[in-house]
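Here are my notes on this one, written so you can follow along with the structure open. Take the points one at a time and find each spot as you go.

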Amino acid sequence: MNDNGGNGAVRIGVAALLAVALVGSAVAMPVSAEARYSEYQEPKLTTSVQGSNVVVPGETTTLRIGIQNRGTAVTNSEGEVSELASAFRTAGVTPGAAMSTTASFGSGDTPVTLRSGEQPIGTISPDGQQTTTLSLEVAENATPGIYRLPVTLDYQYVRALSVDDQETFVTRRTVSTRTYVTVRIEPTVRLSIESIDGENLRAKEDGRIVVTARNDGTETATDAELLMRGSDQLTPRTNGLSLGTLDPGETATAAFRVGVAETESTDTYAVPFRLRYEDSNGVVRESAVRTGRVTIRDAPTFDLSTTTTDLYVDSTGAVTLSVTNTGDQPVRNARAVLHPMEPFSPLSTSANLGTLDPGETATAKFKLEVADRAIAQDYPLEFTVVYEDAYRETVESDRLTVPVTVGPEMTVDTSGTPTVAAGSTETIEVTVTNTGEGRMRDAVARINVNTPFETDDDTAYVGDLGPGESATVSFTVSVDGAATPKAYSVDTTVKYDNAFGRTVVTDVEPTAVEVTEPRGGLIASILQFLGL
């Protein structure tokens, strides 16, 4: 640096002046003369994409943009350099720097939509660089090629600075300049869903989705595979279906087996797809997601009703179930399944219904034993309807509850006034009445005698007894001669077959038998005692 006593012109580089400013910042000197600084050339800003500038149609991406100050300004300085350095520091400015810089990007006539607005950059020192980001979306139908995006840079720089009698005067200049960044749009594959059809898509079943896909891009997709993304409603059972080679504009069809979740009602749902393929460089890529829509129907619905046969406490009976398909689709190979619950013990739990068309009804019969601790009342029975989907997979309906009535336990009543003289053998008659609600088939009455009675004839055939019907039966009994004349109780039971051929024995019913005085008086008693 040439020193001319502080009055001559001094030509220094901007970097040298900054170095002197840092050294001079530690020196405090009075101002002895006016100091001046001026710049003959403004900062020069350039822009470029940092990293890859390659984008593809349909892509939304963010580019990193570098902004560099390549200015080599020639400056003119008069006076003490230390005074100028102090003045720059006091004014908070930097010689040769682009200050308060902002960047605004444009798309021009390119097939690009910008997602970024004006970007604040700040100060860019000489030979320095700052970075910012640019978000953009490439049109799906963009033609491959190289495109220039205009960038408007607005900034300020110090044109001149003077110090006189400890007053600092700064002259700033505002500049707006245009530069460009270059992006390259490469050929790519772009997936489009041309059509989509759902087959047998019902809640809880497996169905099929048939998709026709098209390559709407500008590049051939080699070894293309169509992938279906699962959702809350649909789960792909088959996936990654091969489409072969898809040239631009070409279509191919794939059929996916899918599992359908349980849905609340019939509705339409989105189905997302993606194409995996090899590009022209052999690189495996995946397209953006594209969706189609399919309708999923609600699960089949059924109406149940029942009738009962001989369903009584402590008995074996039957429930006849009627199942009606109340949905709008056929149900194939249906079966009714009974789920055991108290107080029933099913003897059969599954019955075939066949194929039920909409509105069609089929019946099934189930045998049940009713516990002896049950009481006569209505009880719920739970059933499900099991059927097959289009892939012969088993599907089970929700549990359906239907009430059944259990009648009171079957009972009999005995009546009559049989009498037997002490010391005699006689035939007694008893009337048996069916006091239950069901029919007794092949009924047999039996008496159980204790002292003073004896019998070798304790059973009598009754036959069939409907509810409320009676029959009179006979038994031969002998009474001990020493029996006290009075009324005795003889136990009577009835054994019968129910409607299913199962043997049932009623509870014990007491029958009154009157024992009278021996016939023939004292002599007859003596002879009987002597065995004569």
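1. Let's begin with an odd spot: Asp223 sits in strand S15, which covers residues 221–228. Asp223 is not a glycine, yet its phi is positive, at about 50°. Keep in mind throughout that this is a predicted model.

2. Lys204 is another residue to look up. Its phi is positive too, about 70°, and Lys204 is not a glycine either. You'll find Lys204 in the loop between S13 and S14. Is Lys204 buried or exposed? Somewhere in between: Lys204 counts as partly exposed, because its relative accessible area is 25%, and the buried label needs a value under 20%.

3. Now follow that loop into its sheet. Four strands make an open sheet, in the order S13-S14-S18-S16, with antiparallel pairing. At the edges are S13 (191–199) and S16 (234–236), each with a partner on one side only. From one strand to the next, the twist averages 35°. Inside this sheet, S14 (residues 206–215) and S18 (residues 251–260) share 9 bridges in the antiparallel sense. To see the pairing for yourself, find Ile209 and look across to Phe256 in S18, which stands opposite.

4. A quick reminder before more strands: strands of a sheet pair through backbone hydrogen bonds, and they can do so parallel or antiparallel. S40 (residues 509–516) shows both. With S32 (residues 419–421), S40 runs parallel, joined by 3 bridges; here Val420 has Val515 as its bridge partner. With S38 (residues 486–497), S40 runs antiparallel, and 7 bridges join them. On that side, Val490 is matched with Thr511.

5. Stay on S40 and look at its side chains. Which ones are buried? They alternate along the strand: Glu509, Thr511, Val513 and Val515 point to one face and are buried. Pro510, Ala512, Glu514 and Thr516 point to the other face and are not buried.

6. S7 (residues 98–105) is a mostly covered strand, with 6 of its 8 residues buried. S7 pairs with S9 (residues 119–124) over 4 bridges, antiparallel, and also with S11 (residues 145–164) over 5 bridges, again antiparallel. Ala103 is a handy residue to click on: its bridge partner in S9 is Gln119, and in S11 it is Leu153.

7. Check the prolines as well. The peptide bond from Glu342 to Pro343 is cis, with omega near 0°, and Pro343 lies in the loop between S24 (331–339) and S25 (344–346). The bond from Thr451 to Pro452 is also cis, with omega near 20°. Pro452 belongs to the loop between S34 (440–448) and S35 (453–457).

8. What about empty space inside? The count is 2 cavities of 30 Å³ or more. The largest cavity holds about 50 Å³. Its lining is made up of Val313, Asp314, Glu409, Met410, Tyr496, Val504, Val505 and Thr506.

9. Finally, zoom out. The protein has 3 helices and 40 strands. Of its 532 residues, 43% count as buried. Take the contacts between residues at least 6 apart in sequence: 68% of them join residues at least 24 apart. The protein exposes about 26,300 Å², and carbon and sulfur atoms supply 44% of that.

Technical notes: Residues numbered from 1 in each chain as written. Predicted model: local features only at pLDDT ≥ 70, side-chain atom pairs only at ≥ 80, totals over all residues. Heavy atoms only, no water. Helix = DSSP H or I, 4+ residues; strand = E, 2+ residues; numbered from the N terminus. Buried < 20%, exposed > 50% of the residue type's maximum accessible area, 1.4 Å probe, protein only. Contact = heavy atoms within 4.5 Å. Areas by Shrake-Rupley, 256 points an atom, 1.4 Å probe, with all protein chains shown as cover. Pairing = 2+ DSSP bridges. Axes fitted to C-alpha atoms, helices over the stretch in contact; angles between N-to-C directions. 1 Å grid on protein atoms, 1.4 Å probe; cavity = no way out; pocket = protein on both sides within 12 Å on 5 of 7 lines; lining within 4 Å. Points joined across faces, edges and corners; volume = space filled by probe spheres on them.
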